[in-house]
Amino acid sequence: RIKMFFICAFESLGIAMATYTGQNYGARKPERIWQGIKASSLLMMIYAVFTFTILMSASDKISLLFVDASETEILKNTVLFLHVSCYFFPILGLLCILRYTIQGAGYTNLAMLSGVSEMIARTLVSIYAVPIFGFLAVCFGDPTAWIAADLFLVPAFIYVYRKRALRKIMQSPTVRLRTAVWNNRGSDRMYVSRSLMYTGYKSSNGLPHASAGALPAILRSPD
């Protein structure tokens, strides 16, 4: 309960990034998504330092809200569990930010696979580490799962971000025409193929068209 209380802020930050990413992904502004990642990561680190300070200094007192003071062994294990967990809160914060960012961009399968990575990590810890190290391995169960998820989410986010950035470049009217464009300025009527570069000039009706000097003469369509 204590751990879940302190990590609620990471989940909220991730949910905010999902909405923010969806808006900017649809608007073809991947650079703003990266700005949001940096801003949310800064907030996450500030909060992680804050929670680390509280849990490292007062976890035993906070535990007394749920455990009787006579249960010394349980209190000792609770303090150990909280101390180990708070060291890895930045890893958890990054997990929430990246997972919800990827989900907001529409790649829900990738976000789901990060959960599979967590499940595999927890299973391996419970099968191989717990019988050897006991409760200490239990304390590292969640951090190991968070690390495994981040090892998947970081390259997944790079893939999603680069794909969106590349698509923005390919769809930009200043890079290439996606459809056939006609230039109707006087007698210089000219056809431009969809794979051809052009100047980005826009006519009075708002539609882009190429200027006569933008292409070799051989590409001009005869009247």
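Which helices each supply at least two residues of the lining of the largest cavity? In this predicted model, they are α1 (2–26), α4 (89–104) and α7 (141–171). The overall fold is described before the cavity is taken up in detail.

The secondary structure of the protein consists of seven helices and two strands. Along the sequence the elements follow the order α-α-α-α-α-α-α-β-β, with the two strands after the seven helices. The protein has 223 residues, and 37% of them count as buried. Among contacts with a separation of 6 or more, 66% join residues that are 24 or more positions apart. The accessible surface amounts to about 12900 Å², and carbon and sulfur atoms account for 66% of that area.

Rolling a probe the size of a water molecule over the atoms shows where empty space is left. In the whole structure, one cavity of 30 Å³ or more is found. The volume of the largest cavity is about 60 Å³. Its lining is made up of 10 residues, of which Y25, I33, F157, V160 and Y161 are the closest to the centre. Among the helices that contribute, α7 gives the most, with four residues in the lining. Helices α1 and α4 each supply at least two. By residue class, the lining comprises seven nonpolar residues, two polar residues and one charged residue.

Two individual residues were examined further. The first topic is backbone geometry at R28, which lies in the loop between α1 and α2 (30–63). Most residues other than glycine have a negative phi, and most peptide bonds are trans. R28 is not a glycine, yet has a positive phi of about 60°. The relative accessibility of R28 is 40%, so this residue counts as partly exposed.

The second topic is D142, a residue of helix α7, the helix that also gives the most to the lining of the largest cavity. Is D142 buried or exposed? Its relative accessibility is 15%, and D142 therefore counts as buried, the cut-off being under 20%. When neighbours within four places in sequence are left aside, D142 is in contact with K3, F81 and R122. Of these contacts, K3 falls within the range of α1 (2–26).

Methods: Residues are numbered from 1 along each chain as its sequence is written. This is a predicted model: local features need pLDDT of at least 70, side-chain atom pairs count only at pLDDT 80 or more; totals for chains, interfaces and linings use all residues. Side-chain values use heavy atoms; hydrogens and water are left out. Buried means under 20% relative accessible area, exposed over 50%, partly exposed in between (1.4 Å probe, protein chains only). Contact means heavy atoms within 4.5 Å. Accessible areas come from the Shrake-Rupley method with a 1.4 Å probe; for residues, only the protein chains shown count as cover. On a 1 Å grid over the protein atoms alone, a cavity is a set of points where a 1.4 Å probe fits but cannot get out, and a pocket is an open set with protein on both sides within 12 Å along at least five of seven lines; lining residues have an atom within 4 Å of a point. Grid points are joined across faces, edges and corners, and a volume is the space filled by probe spheres set on the points. Ala, Val, Leu, Ile, Met, Phe, Trp, Tyr, Cys and Pro count as nonpolar, Asp, Glu, Lys and Arg as charged, and the others, Gly among them, as polar.
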